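Here is a short tour to read with the structure open beside you. Take it a topic at a time, and turn the view as you go.

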Amino acid sequence: MIELRGAATGYGAIPVFENMSFAVGKGSAMAIAGPNGAGKTTLLLLMAGMLPLWRGAMHVAGNDVSALGAEERIGVGVVLCPEGRRIFSTLTVEENLQLGATTIRRSLHRSGVRRAINDGLEQVYSMFPILRERRHGSGGALSGGQQQMLAIGRALMSRPAVLLLDEPSLGLAPLIVDEVYAHLEELKRSGLTIVVVEEAASRVMSFADTALVLRNGRVILQGDAKEVSEHLDLAKAYVGGGAG
Ligand SMILES: Nc1ncnc2c1ncn2[C@@H]1O[C@H](COP(=O)(O)OP(=O)(O)OP(=O)(O)O)[C@@H](O)[C@H]1O
Ligand SMILES: [Mg+2]
């Protein structure tokens with residue numbers, strides 16, 4: 001579904017990756033783990049078209065999207081749910097969701113837009129009933145877990161084929177993290193392709209099918225999520241933590 005081949009990018013003239021390759025199939029999930037500054041967010045920004053591809057190529061559903069910018073990447077179904085959730089706290093929950101429908105507005109004639117947005121809202125509200133209950137309240141009044149659901153819901157409003165999530169469990173209590181992941185399981189079963197970044201590997205590895213562990217822009221482990229997770233546990237047992 002989404003494939004990177006020999007990808008390189010960075011900031012200014014300073015590279016973060018020189019040669020990154022992986023593929024994530026339709027309806028499957030890849031975890032990206034690694035310590036602070038490893039390049040996890042950079043990799044998502046690259047896939048979302050917010051950083052340019054210096055070398056290599058990116059394909060989505062067999063099409064070369066290497067040259068497309070951020071807005072066009074959303075158009076081909078690659079949607080980023082950024083770190084820190086970025087909820088507009090003074091807007092209502094429903095207004096926050098409507099902001100996610102920008103591409104619907106651009107791709108349809110006016111008459112179809114309202115219906116498409118209403119269908120999107122209905123889909124999000126049936127997945128997250130609490131957002132329907134709080135739809136006229138402000139985004140800022142939601143709890144951390146509810147804000148994460150709102151951020152995911154807003155991304156879903158763009159009708160993604162590939163959802164990129166940056167640290168969705170950051171700052172959430174373990175029970176709420178499980179709830180967020182239960183929703184991600186549901187989305188994966190519905191055929192969505194998911195790439196999820198987490199600094200702590202534990203929860204995401206049981207969700208993901210494949211995994212990539214980064215350190216300083218280099219891939220230190222890559223493959224089946226279960227095997228990668230076992231390698232990390234083993235490494236931790238030997239060095240006493242900090243393996244990701
Ligand atoms: N806007 C920027 N300008 C210049 N360098 C940056 C910028 N953002 C990140 N970097 C550098 O790129 C490298 C990778 O950073 P990145 O944010 O991708 O790491 P990360 O794995 O997401 O870390 P964290 O766990 O802290 O979110 C780091 O060396 C970082 O200092
Ligand atoms: Mg990051």
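The briefing below goes through confidence, the sheets, the helices, the cores and two individual residues.

This is a predicted model, and the protein averages a pLDDT of 91. Two open sheets are described here: one has 6 strands with mixed pairing, and another has 4 strands with antiparallel pairing. The largest nonpolar core has 46 residues, and a second, separate core has 27.

**Confidence**

- A pLDDT of at least 70 is reached by 94% of the residues.
- Strand β4 has the highest confidence, at a mean of 98, while helix α4 (residues 102-107) has the lowest, at 66.

**The sheet of 4 strands**

- Reading across this open sheet, the strand order is β2-β1-β4-β5.
- At its edges are β2 (14-24) and β5 (63-64), each of which pairs on one side only.
- β1 and β2 are antiparallel partners joined over 7 bridges, and one place to look is glycine 10, which stands opposite proline 15 in β2.
- The hairpin formed by β1 and β2 has 2 residues between the strands, and glycine 12 takes a positive phi near 60 degrees there.
- On the β4 side, 5 bridges connect strand β1 (residues 2-11) with strand β4 (residues 55-60), again in the antiparallel sense.
- Leucine 4 has methionine 58 as its bridge partner in β4.
- Helix α1 (residues 40-47) lies across β1, β2 and β4, and runs at about 115 degrees to β1.

**The sheet of 6 strands**

- The order here is β6-β7-β8-β3-β9-β10, and the sheet is open.
- β6 and β10 (218-224) are the edge strands, with pairing on one side only for each.
- Neighbouring strands of this sheet are turned against each other by 15 degrees on average, direction ignored.
- Helix α8 (residues 174-189) packs on the sheet and touches β3, β7 and β8, with its direction making about 155 degrees with that of β8.
- Strand β3 (residues 29-33) pairs with strand β8 (residues 193-198) in the parallel sense over 5 bridges, and methionine 30 has valine 195 as its bridge partner in β8.
- At the β6 edge, 4 bridges link β6 to strand β7 (residues 162-166), and the two run parallel; valine 78 stands opposite valine 162.
- Which way do the residues of β6 point? Val78 and Leu80 point one way, Val79 and Cys81 point the other way, and all are buried.
- In a regular strand, side chains alternate between the two faces of the sheet.

**Helix α7**

- α7 has 13 residues and reaches 18 Å from its first C-alpha to its last, close to the 18 Å expected at 1.5 Å a residue.
- The helix is mostly covered, with 12 of its 13 residues buried.
- Among the buried residues are polar-named positions to find in your view, including Gln146, Gln148 and Arg154, along with Met149, Leu150 and Ile152.

**The nonpolar cores**

- Ile152 and Met205 have the most contacts inside the largest core.
- The second core includes Ile32, Leu44, Val60 and Val65.
- Beyond residues up to four places away in sequence, methionine 205 touches Ala31, Ala33, Ala211, Ala225, Val228, Ser229 and Leu232.
- In soluble globular proteins, nonpolar side chains tend to be buried together.

**Two residues to compare**

- Is glutamine 147 buried or exposed? Glutamine 147 counts as buried because its relative accessible area is 18%, under the 20% cut-off.
- Glutamine 147 sits in helix α7 (residues 144-156), and its contacts outside its neighbours within four places in sequence are Arg85, Ile87, Gly139, Gly140 and Leu142.
- Phenylalanine 88 is found in the loop between β6 and α3 (93-99).
- Phenylalanine 88 is classed as partly exposed because its relative accessible area is 45%, which falls between the 20% and 50% cut-offs.
- With neighbours within four places in sequence left aside, phenylalanine 88 is in contact with Asn96, Leu99, Gly139 and Arg154.
- The C-alpha atoms of phenylalanine 88 and alanine 31 are separated by 27 Å, and the two residues are 57 residues apart along the chain.

Terms used
Residues numbered from 1 in each chain as written. Chains lettered and ligands numbered in written order. Predicted model: local features only at pLDDT ≥ 70, side-chain atom pairs only at ≥ 80, totals over all residues. Heavy atoms only, no water. Buried < 20%, exposed > 50% of the residue type's maximum accessible area, 1.4 Å probe, protein only. Pairing = 2+ DSSP bridges. Contact = heavy atoms within 4.5 Å. Axes fitted to C-alpha atoms, helices over the stretch in contact; angles between N-to-C directions. Core = buried A, V, L, I, M, F, W, Y, C linked by side-chain atoms within 4.5 Å. pLDDT = per-residue confidence, 0-100. Expected span 1.5 Å × (residues − 1).
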